[in-house]
Amino acid sequence: SFEKKARNFFGPLRDLAELVFIDGPRPYVAAGETGAAGTGVRCWYDTTDDSGSIQYVGLGDTLGYMERVFAESGPFDGVLGFSQGGCFAAIMAALQKST
């Protein structure tokens, strides 16, 4: 998980801030595979381009999931993501209401 990989990097911050690590809600399934095969790897959404245009599968469900996480565990002062999580963090920021 991202938390395990980043433990050394975030270690000094643990005395200054509460860090909450959230894994993607969807099991990752590689293209051409039929199931997650118990890898434990998670993702935020899946992409397909079967019809010649990219489709983001599960994005709406993931946004709902994060709304629940924010309601139950928030508020948060910031969001940091890695790889697909970084893309999803940018999507979340873009969807925030201006104050």
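Start with the largest pocket of this predicted model, which holds about 1100 Å³ of space. Select Phe2, Phe21, Ile22, Leu80 and Gly81: of the 35 residues in the lining, these lie nearest the pocket's centre. Next, colour the secondary structure elements. Those giving two or more residues to this lining are α1 (2-5), β2 (42-43), α3 and α4. The largest share comes from α4, with 5 residues. If you colour the lining by residue class, you will find 21 nonpolar, 9 polar and 5 charged residues.

Now hide the pocket and show two helices, α3 (residues 59-73) and α4 (residues 84-95). Their axes are 12 Å apart, and the helices pack at an angle of about 75°. The two helices are therefore roughly perpendicular to each other, since angles of 65 to 115 degrees are counted that way.

Show side chains where these helices touch. On the α3 side, select Leu59, Thr62, Leu63, Met66 and Phe70. On the α4 side, the residues they meet are Phe88, Ile91, Met92 and Leu95. By class, this contact has 8 nonpolar residues, 1 polar residue and no charged residues.

Keep both helices on screen for the next stop, the second largest pocket. About 210 Å³ of space lies in this pocket. Which residues line the second largest pocket? Select Leu63, Met66, Glu67, Phe70, Met92, Leu95 and Gln96. The elements that give two or more residues to this lining are α3 and α4, and the largest share, 4 residues, comes from α3. By class, the lining divides into 5 nonpolar, 1 polar and 1 charged. Several names will be familiar from the previous stop: Leu63, Met66, Phe70, Met92 and Leu95 are in the helix contact and also in this lining.

For the last stop, leave the helices and look for charged side chains. How many salt bridges does the structure hold? There is 1. Select arginine 26 and aspartate 46, which form this salt bridge. If you draw a distance between their closest N and O atoms, the value is 2.7 Å. Then show the strands around the pair: arginine 26 lies in β1 (residues 26-27) and aspartate 46 in β3 (residues 46-48), so the salt bridge ties together parts that are 20 residues apart in sequence.

Notes:
Residues numbered from 1 in each chain as written. Predicted model: local features only at pLDDT ≥ 70, side-chain atom pairs only at ≥ 80, totals over all residues. Heavy atoms only, no water. Axes fitted to C-alpha atoms, helices over the stretch in contact; angles between N-to-C directions. Parallel < 35°, antiparallel > 145°, perpendicular 65-115°, else oblique. Contact = heavy atoms within 4.5 Å. Nonpolar A, V, L, I, M, F, W, Y, C, P; charged D, E, K, R; others polar. 1 Å grid on protein atoms, 1.4 Å probe; cavity = no way out; pocket = protein on both sides within 12 Å on 5 of 7 lines; lining within 4 Å. Points joined across faces, edges and corners; volume = space filled by probe spheres on them. Salt bridge = Lys/Arg side-chain N within 4 Å of Asp/Glu carboxyl O.
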